[in-house]
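User: Please take a close look at one helix in this model and describe how it is built and what surrounds it. After that, add some context from the other chains.

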Amino acid sequence: MTHSLAQQTPKLGSRASRWGAIALVIGVVALAAAAYLGWSKGDGFKRLQHAWLVACAFYLSISLGGLFFVIIQHLTRAGWSVVVRRVAELVAANTLVIAILFAPLVVMVLRGDASLYPWADAEHVHAEPLLAAKAPWLDPRFFALRCAVYFGTWWLIGRWLLKRSTEQDAATGVEPTLALERRAAPAMVGFALTINFAAFDLLMSIVPTWYSTMFGVYIFAGSVMSFFAFSVVALRFLQKNGLLDREVNVEHYHDLGKFLFAFVFFWSYVAFSQFMLIWYADIPEETFWFKERMEGSWAVVSTVLLFGHFVLPFAGLLSRHAKRRLGILTFWAVWLLVMQAVDLFWLVMPSAEHGGALVGAIDIACLAAVGGIWAFALTKLAGERALIPVNDPRLSQSLAFENF
Amino acid sequence: MVESVAIQNASERPLHGVLAEFDDVDSISAAAREVRDAGYTSFDVYSPFPIHGIERHMGLRPTKLPWIVLVCGLSGTSLALFFQWWTNAVDYPFTISGKPLFGIPANIPVTFEFTVLLSAFAAFFGMLILNRLPEHHRPVFESSRFRRATDDGFFLAIEADDPQFDATKTRALLQKLSRHPVELYHDSGQSAALPVWIRSALVAAGALALLPLAAVVWARASDTTRPPIHIVQDMDSQQRFRAQVANQVFADGRAMRPDSIGTVAWGELRTDATVASGKSGDAFLDTIPVPVTDAVIARGRERFAVYCTPCHGQSGYGDGLVALRAAELQEQTWVQPSSLHDPLVRTRTVGQIFDTIRNGVRTMPAYGRQMSAEDSWAITAYVRALQRSQNATINDVPAAERAKLGVQ
Amino acid sequence: MTANPTSALHLDEPYARPILIDGDRDLASVTRRVCGVVEAPKPPRAWYIAITITSAMTVMLFAMVAYLIVTGVGVWGNNSPAFWGWDIVNFVFWVGIAHAGTLISAILFLLRQKWRTSINRAAEAMTLFAVCCAGLYPSIHVGRVWLAYWLFPVPNQMQMWPNFRSPLLWDVFAVSTYAIVSLLFWYMGLVPDLATLRDRATTKLRKGLYGFFALGWCGSARHWQRYERAYLILAALATPLVLSVHSVVSFDFAVSQVPGWHTTIFPPYFVAGAIFSGFGMVVTTMVPARELFGLKELVTLKHLENMNKVILATGSMVGLAYATEFFIAWYGGNPYERFVFLNRALGPYWWAYWLMVFCNVVAPQFLWFKKIRTSLWTMFVISIFVNIGMWLERFVIVVTSLTRDYLPTSWGYFKPTAVDVCTFAGTFGLFLTLFLLFCRFLPMVAIAEVKTVLPAAHPHGGHGSKEGAHHG
């Protein structure tokens with residue numbers, strides 16, 4: 001059980017700069033393409049802003065899911081997850097880059113450009129009584145301040161978790177681990193508050209007259225699910241490249257798979273409850289949001305979500321066998337990442353594409369641009385860090401872990 | 001009880017197997033491996049709690065329970081969906097709160113619960129059936145040491161029906177593995193069936209349990225003229241007198257009391273017979289018996305819009321929306337509403353028009369119950385104004401207005 | 001108050017998994033300690049005193065129910081505009097309490113939280129008893145109880161079927177499924193322990209009774225294999241089930257258009273609240289029960305502390321849900337919604353609202369302090385607050401919305417009657433009586449499951465050892 005890990009700490013090493021460079025090139029090229037495509041639409045960058053929001057939200061949700069995962073592992077003093085935790089810590093700490101990429105949208109709001117957030121136009125807000133009633137909240141400067149608080153909180157928590165965990169790598173005692181366990185609970189409070197209100201601000205307020213109290217939970221469910229999917233994909237990628245192949249085994253994938261399955265179900269539960277309650281009460285102030293998504297080609301996207309985000313992965317991941325076959329598990333992980341993107345597209349894009357669900361090159365370009373830059377930042381963070389917490393007191397439990 | 005019998009007759013009954021005791025998880029796991037490797041298949045390990053990994057040591061195959069659960073769960077899903085569709089959309093369809101008869105969102109919760117219910121039944125009863133439980137008499141219970149299998153003892157038994165079984169060799173094998181004495185045990189002297197008195201009690205209880213059901217069936221299948229039995233005297237039997245029954249308390253012997261002399265029903269107080277009937281004696285009035293002011297005409301116009309326009313139309317030509325629709329559908333029984341500008345109507349007295357509003361004419365219903373006499377007069381006044389407006393000459397326009405229009 | 005608290009409390013050292021029980025840790029002593037309670041010739045005197053009081057309360061419950069049935073629902077305070085009163089408040093309250101058992105047995109099982117083994121049996125029993133109390137209310141509030149079968153889709157003389165699109169019917173299915181599955185789960189867990197009692201029985205009667213229900217369990221590995229698989233499947237089924245039950249209960253309110261009820265966060269918020277109240281009740285009952293029956297070494301302070309942490313977590317979730325609801329009521333801009341929430345805080349029921357906020361949100365925050373969450377007295381007091389607070393939450397939701405909805409002409413003020421109060425007190429009598437009987441006659445701690453977390457159950461001595469320390 002004790003083995004020579006300490007001598008052979010798994011690190012990205014030279015791969016970091018190579019992968020980082022590839023990611024950066026993809027990101028910058030895609031960014032240029034997105035900018036050109038957005039400009040060529042001639043709609044005052046309206047479509048580009050929507051696609052950009054989808055892309056930022058996609059990677060942000062993975063990072064936030066990772067943040068949740070890391071905090072909960074410390075909170076519950078989990079043993080099984082130690083070998084997969086460092087990857088999660090890196091993902092969770094990688095929010096600053098999204099804050100920077102998201103900043104242009106905030107600048108647009110501050111400049112009064114209402115093409116993404118309609119409430120950014122003060123005249124429009126005052127003309128419509130329903131919006132005037134919430135004007136104090138949907139105020140551009142207040143919004144910018146809140147964004148700073150959200151991203152600041154995530155960045156601080158993520159960085160701190162990574163920093164203390166890295167300290168443990170070299171520490172002789174267990175003080176960093178104990179500190180992580182002590183601070184995990186307040187971190188969770190900060191996380192819960194910010195993700196809930198950030199969901200309202202960043203995503204729900206693009207249709208400022210619509211509201212749903214469960215929206216934060218919905219975003220949370222999708223985030224955690226996409227993190228587990230990303231985690232499976234990332235670990236498989238590292239293992240294909242000869243990293244972590246002794247440390248992470250099928251038992252860990254099995255557990256990640258169980259959580260993936262659980263959050264597929266949880267997302268479905270939240271999505272169904274939100275839809276059913278609004279459908280059943282049938283109040284026009286609320287139903288218009290779903291009506292828009294149930295007409296024309298948006299109905300197709302809704303159906304894709306129903307089957308692709310719930311029915312098929314649910315059936316696919318139900319059996320123990322599927323969760324322990326890495327090929328099958330990785331397939332569903334990739335599938336669910338795509339579905340998370342579709343979900344965000346479905347949440348955001350009807351505001352820009354009233355006519356129907358048009359996926360354009362611009363959407364792919366934005367996802368690739370944010371993804372490339374985000375992945376570049378990830379390799380920078382990973383850098384010379386070990387890819388597992390090599391000195392974690394519970395590492396041996398994790399290595400020896402077996403499902404029953 | 002069982003045990004003393006077992007010990008007495010042990011030698012007479014056939015051998016069932018060999019039982020060995022072990023101290024801990026490690027030794028019994030090792031023993032299970034040895035026994036498996038020696039080629040035995042009909043053997044079992046008994047422990048007070050599930051031993052992690054023992055199924056590998058024993059060479060057991062995974063249970064097929066999950067498949068049973070899956071099949072039952074899916075049956076639950078489809079059964080629930082089918083049943084909800086059949087009851088609410090086919091057999092007894094009714095619309096409620098604008099929901100579709102079979103709208104999937106509203107049918108999900110019951111479907112989910114039923115899926116879980118059948119799956120849980122499958123898991124629990126499937127486990128019992130696969131384990132052949134309940135089975136209260138087991139040959140291994142012959143050993144008094146075996147009681148500790150539910151406390152802190154670990155046992156391994158190789159059964160006699162194993163092809164490899166050989167009383168001496170098998171016993172020697174186990175004795176090699178265990179540091180406790182190995183013992184032989186025999187087939188249970190008790191029959192697996194329940195004792196006769198329990199069986200007869202169960203049959204009797206079952207028969208008794210059927211009685212209420214039989215009573216319900218009998219009651220539902222037979223007719224009776226007697227009133228139903230009310231265990232709880234609720235709203236079916238209230239302390240009141242029904243209509244048209246006798247009651248000796250009152251001099252006239254009736255339970256229903258007539259109105260007191262001079263009672264006027266709500267809204268029925270008629271102080272002026274002329275205003276109320278539109279007649280003076282038997283003749284219809286030819287002037288409106290209430291003052292006609294702008295306010296009255298306005299009131300009449302508003303009431304006319306409410307009660308008259310659906311058939312007679314805004315201008316009174318008999319072209320209201322209902323009439324148009326009826327004409328469009330070519331309704332056979334529909335009688336075209338009169339035009340109020342028909343000479344026949346125009347020449348009627350106001351009393352006749354009022355009477356028509358109050359009491360109806362031909363297929364036109366009576367509106368007397370729906371509005372006050374004053375409102376009927378207001379409508380009458382408005383109808384007169386309407387008739388005048390549609391048949392006016394230039395002479396009807398006041399001179400000042402005529403000047404404005406530039407006509408003489 | 002505790003014999004040896006220090007050994008239980010300093011086990012968060014990250015190298016070792018915490019040792020889950022105190023005192024002797026061999027298999028036989030666990031059996032002896034748990035069975036000792038059941039096999040003792042006489043229960044403690046406190047048990048007699050307690051059961052006398054609670055059975056008197058139960059008798060009062062039956063008297064109240066009989067009075068209700070004979071007279072009609074008018075004996076309660078329900079009247080226009082509050083047609084739902086304490087009946088649904090108490091129903092939701094008890095269903096909520098019922099959530100802890102299945103959460104501990106199913107969700108914590110799937111999450112491999114081994115500390116659950118000491119408390120899951122008692123918590124599952126509480127689930128069943130709480131479901132009994134909860135199920136009582138819908139069946140008696142229909143007025144003519146002999147027609148309560150109309151709730152179920154059975155062919156009847158009117159040739160009608162129930163409306164499957166109604167959330168109240170979903171409730172019937174959810175609560176009865178929950179009751180059945182919880183019973184199966186509980187009974188299945190009991191089977192090996194009943195076999196233990198059977199094998200230790202000294203009288204024919206005990207041997208016969210425990211033996212009958214033990215189904216002839218013999219601890220065979222082949223049986224254990226299927227048993228464990230079935231247990232896992234039941235846990236996996238019970239986990240979404242427990243989520244669904246209180247969600248469905250929340251749908252009763254949330255599908256309507258009544259301001260303050262129609263809000264999409266209700267399902268997860270009700271579930272969090274239910275778990276919160278359930279754990280509150282488990283702490284309230286386990287603190288005295290472990291003292292009374294000498295199970296302090298099996299149900300350690302560590303277990304109670306963990307439960308307190310769950311209370312803190314779910315209490316904070318409930319607090320976040322309150323805040324979100326309030327915020328969206330304002331943000332939504334709907335004047336009725338805004339009014340209802342202001343009215344909750346400042347209207348005629350302000351006392352209930354602020355007491356609720358104090359009990360559910362403020363009081364659990366004291367559990368951030370280790371001293372408070374490991375002291376029996378403070379945790380007991382806080383758990384009582386939680387029980388009160390969660391009852392008030394349902395009261396606030398039901399009554400404030402109904403007495404102040406769209407039409408000011410139909411506003412009112414709900415007042416319970418003495419029958420309401422006595423019925424509710426009676427359900428506590430029923431719950432506690434059943435619990436006391438359970439403590440006396442059935443193993444209060446899952447013997448077989450506790451054994452699986454003992455060092456003896458782990459072939460390589462992995463449990464609680466310091467093998468991790470070798471790793472550098």
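Analyst: Helix α13 of chain C bends by about 30 degrees at C:Cys359. The model is a predicted one, and what follows is computed from it.

The length of the helix can be checked. Helix α13 of chain C has 16 residues, 350-365, and at 1.5 Å a residue these should span 22 Å. The expected span is 1.5 Å times one less than the number of residues. The end C-alpha atoms of the helix are 22 Å apart, so the expected span and the model agree.

The residue at the bend, C:Cys359, is also buried. Other buried residues of α13 in chain C include C:Tyr353, C:Met356, C:Val357 and C:Asn360, and further along C:Ala363 and C:Pro364. The buried residues of this helix pack against three helices of chain C: α11 (301-331), α12 (335-346) and α15 (376-403).

Now the other chains. The largest nonpolar core has 342 residues, and the members that touch the most others are A:Leu260 and B:Leu156. Beyond its neighbours within four places in sequence, B:Leu156 is in contact with B:Ala20, B:Phe22, B:Ile28, B:Ala31, B:Ala32, B:Val35, B:Phe43, B:Val45 and B:Leu174. A second core is separate and has 17 residues, among them B:Val296, B:Ala323, B:Leu340 and B:Ala381. In general, nonpolar side chains tend to be buried together in soluble globular proteins.

Chain B is assigned two domains, domain 1 (1-193) and domain 2 (273-393). The C-alpha centres of these two domains of chain B lie 88 Å apart.

Methods
Residues numbered from 1 in each chain as written. Chains lettered and ligands numbered in written order. Predicted model: local features only at pLDDT ≥ 70, side-chain atom pairs only at ≥ 80, totals over all residues. Domains from an automatic or database assignment. Core = buried A, V, L, I, M, F, W, Y, C linked by C-beta atoms within 7 Å. Buried ≥ 20, exposed ≤ 12 C-beta atoms within 10 Å, placed from the backbone. Contact = placed C-beta atoms within 7 Å. Helix = DSSP H or I, 4+ residues; strand = E, 2+ residues; numbered from the N terminus. Bend = angle between axes of the 7 residues up to and from the residue.
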